[in-house]
Amino acid sequence: MSNTTQDKNIMAYETVALDDENNALVILDQTKLPSSTKLVNLHTAQEIWDAIYLLKVRGAPAIGVAAAFGIYLLAKGIEAQDYDTFYREFCRQKEYLNSARPTAVNLSWALNRMEQVCVDNKDLPVSEIKQRLKEAAIAIKEEDIRVCKAIGEHGLTLVKPGDGILTHCNAGQLATCKYGTATAPIYLGQERGYNFRVFADETRPLLQGARLTAYELQASGVDVTLICDNMSATVMRNGWVNAVFVGCDRVAANGDTANKIGTSVVATVAKRYNVPFYVCAPTSTIDMNTPTGADITIEQRPAHEVTDMWYEKPMAPAGVKVFNPAFDVTDHDLITGIVTEYGVMRAPYEESFRKLFERKASEENKKL
């Protein structure tokens with residue numbers, strides 16, 4: 001079920017929300033933006049899976065929050081009263097949702113975190129486990145907002161007022177619950193009068209930069225200029241870009257990152273023109289079980305996204321072969337720094353990440 005909303009600033013909408021009373025996961029359908037603003041109510045596992053796969057909800061953090069709310073709602077609907085039956089069905093639903101998109105680690109991260117709630121509370125009544133799952137899902141959303149703001153604060157230390165910033169794809173508020181990751185420094189700078197000049201790559205073939213990033217930045221009053229992906233070298237050569245900020249869907253243990261296709265091209269061009277290239281990544285996207293970028297599964301998308309989507313008529317010859325990877329891997333030696341909620345990580349990344357997770361574990365233990 002979907003609802004066309006009243007006209008208001010896109011930044012006033014929640015990307016992902018829980019309507020517990022009506023057993024619904026509510027998302028802002030990003031496939032309709034910017035021409036139409038629609039909220040969609042999702043109830044079934046199939047509807048949630050489709051929304052993630054079809055990019056109605058997208059962006060690693062937002063996918064994680066949607067997965068947490070989604071698995072809670074599916075668990076809420078499990079009628080079993082004994083733990084073993086409940087847990088078996090929970091895991092079945094979890095694995096199904098996890099199959100929607102393989103590259104974004106936040107999907108499996110959130111689902112594994114929710115599963116751990118079941119395991120840690122197996123001695124409680126199933127009704128109480130469901131309540132704990134709800135609390136955990138809400139906590140994941142609240143955590144996303146805090147993490148994104150912290151990333152913004154650390155990212156802001158890397159630039160100065162009046163700087164030109166280039167970004168690729170959409171790692172903005174629409175990809176999270178607030179602030180975004182790569183756009184968090186931009187939004188905080190906007191609040192503090194930094195007057196950044198932002199260049200947004202259109203991001204072929206799904207145009208997340210054109211449809212989403214340019215839309216939300218303009219709606220926020222940011223000085224944003226939309227460019228085609230193949231124009232990034234020109235604006236860097238002209239000296240208009242002082243830093244690149246991008247998001248990512250997975251960070252390997254060695255610092256390689258997987259992000260929207262074309263990101264590695266931007267990183268290579270930035271290296272040529274001595275422009276710092278920063279990846280904004282919550283620690284939830286750092287996968288220490290993935291040694292290098294070569295070990296990251298890259299999602300392959302349908303051919304029609306390249307040949308037909310957004311066009312009134314097909315823009316390629318019928319039957320032509322199409323290669324359409326959703327992501328590419330940026331090698332760690334092209335990355336100036338990885339901005340996390342705990343600070344800016346620098347090479348060698350294995351060592352930086354080890355210290356990062358030691359600090360994170362220490363701080364979490366203090367809260368217990």
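# Exercises on a predicted model

Ile186 counts as buried, because its relative accessibility is 1%. The model is predicted, and the exercises below start from this residue.

**Exercise 1. Determine where Ile186 is found and which residues it touches.**

*Solution.* Begin with the classification: the limit for a buried residue is under 20% relative accessible area, so the 1% of Ile186 places this residue in the buried class. Next, locate the residue in the chain: Ile186 is part of helix 6, which covers residues 184–191. Then list its contacts. Leaving aside residues up to four places away in sequence, Ile186 touches Ile165, Phe196, Val198, Leu217 and Val222. Finally, compare sequence with space: Leu156 is 30 residues apart from Ile186 in sequence, while their C-alpha atoms are 7.7 Å apart.

**Exercise 2. Describe the largest nonpolar core and identify which elements supply it.**

*Solution.* The largest nonpolar core has 46 residues. Those with the most contacts inside it are Val16, Leu25, Val57, Phe86, Phe90, Met114 and Leu133. At least two residues of this core come from each of strand 3 (24–28), strand 4 (38–42), helix 1 (45–53), helix 2 (60–76), helix 3 (83–98), helix 4 (105–120) and helix 5 (126–156). Helix 2 gives the largest share, 13 residues.

Now take one member as an example. With residues up to four places away in sequence not counted, Val16 touches Leu25, Val26, Val57, Ala62, Val65, Ala66, Phe69 and Lys141. A second core, separate from the one above, has 27 residues, including Cys248, Ala267, Val269 and Ala281. Ala267 and Val269 also appear among the buried residues of helix 9 (residues 263–272), together with Thr263, Ser264, Val266 and Ala270.

**Exercise 3. Find the cis peptide bonds at Pro34 and Pro205, and state where each proline lies.**

*Solution.* Recall the background: most peptide bonds are trans, and most residues other than glycine have a negative phi. At Pro34, the bond from Leu33 is cis, with omega about 0°. Pro34 lies in the loop between strand 3 and strand 4. At Pro205, the bond from Arg204 is cis, again with omega about 0°. Pro205 belongs to the loop between strand 6 (197–201) and helix 7 (208–219).

**Exercise 4. For Asn23 and Cys169, give phi and decide whether each residue is buried, partly exposed or exposed.**

*Solution.* Asn23 has a positive phi, near 50°, and lies in the loop between strand 2 (16–19) and strand 3. Its relative accessibility is 36%, so Asn23 counts as partly exposed. Cys169 also has a positive phi, of about 65°, and its place is the loop between strand 5 (164–167) and helix 6. Cys169 is buried, because its relative accessible area is 6%. A further positive phi, near 55°, belongs to Asn274, which follows helix 9.

**Exercise 5. Assess whether the overall dimensions agree with a compact globule or depart from it.**

*Solution.* First, count the elements: the protein has eleven helices and 15 strands. Second, apply the globule rule: 368 residues would give a radius of gyration near 21 Å, and the protein has 20 Å, so the two agree. Third, note that the C-alpha atoms fill a box of roughly 65 × 55 × 40 Å along the principal axes. Fourth, turn to the interior: 55% of the 368 residues count as buried. Among contacts with a separation of 6 or more, 76% are between residues 24 or more positions apart. Last, consider the surface and charges. The accessible surface is about 16,000 Å², and 50% of it belongs to carbon and sulfur atoms. There are 39 positive and 46 negative side chains, and the centres of these two sets lie 3 Å apart.

Methods
Residues numbered from 1 in each chain as written. Predicted model: local features only at pLDDT ≥ 70, side-chain atom pairs only at ≥ 80, totals over all residues. Heavy atoms only, no water. Core = buried A, V, L, I, M, F, W, Y, C linked by side-chain atoms within 4.5 Å. Buried < 20%, exposed > 50% of the residue type's maximum accessible area, 1.4 Å probe, protein only. Helix = DSSP H or I, 4+ residues; strand = E, 2+ residues; numbered from the N terminus. Contact = heavy atoms within 4.5 Å. Rg over C-alpha atoms; globule rule 2.2 N^0.38 Å. Areas by Shrake-Rupley, 256 points an atom, 1.4 Å probe, with all protein chains shown as cover. Lys, Arg positive; Asp, Glu negative; His and termini not counted. Charge placed at Lys NZ, Arg CZ, Asp CG, Glu CD.
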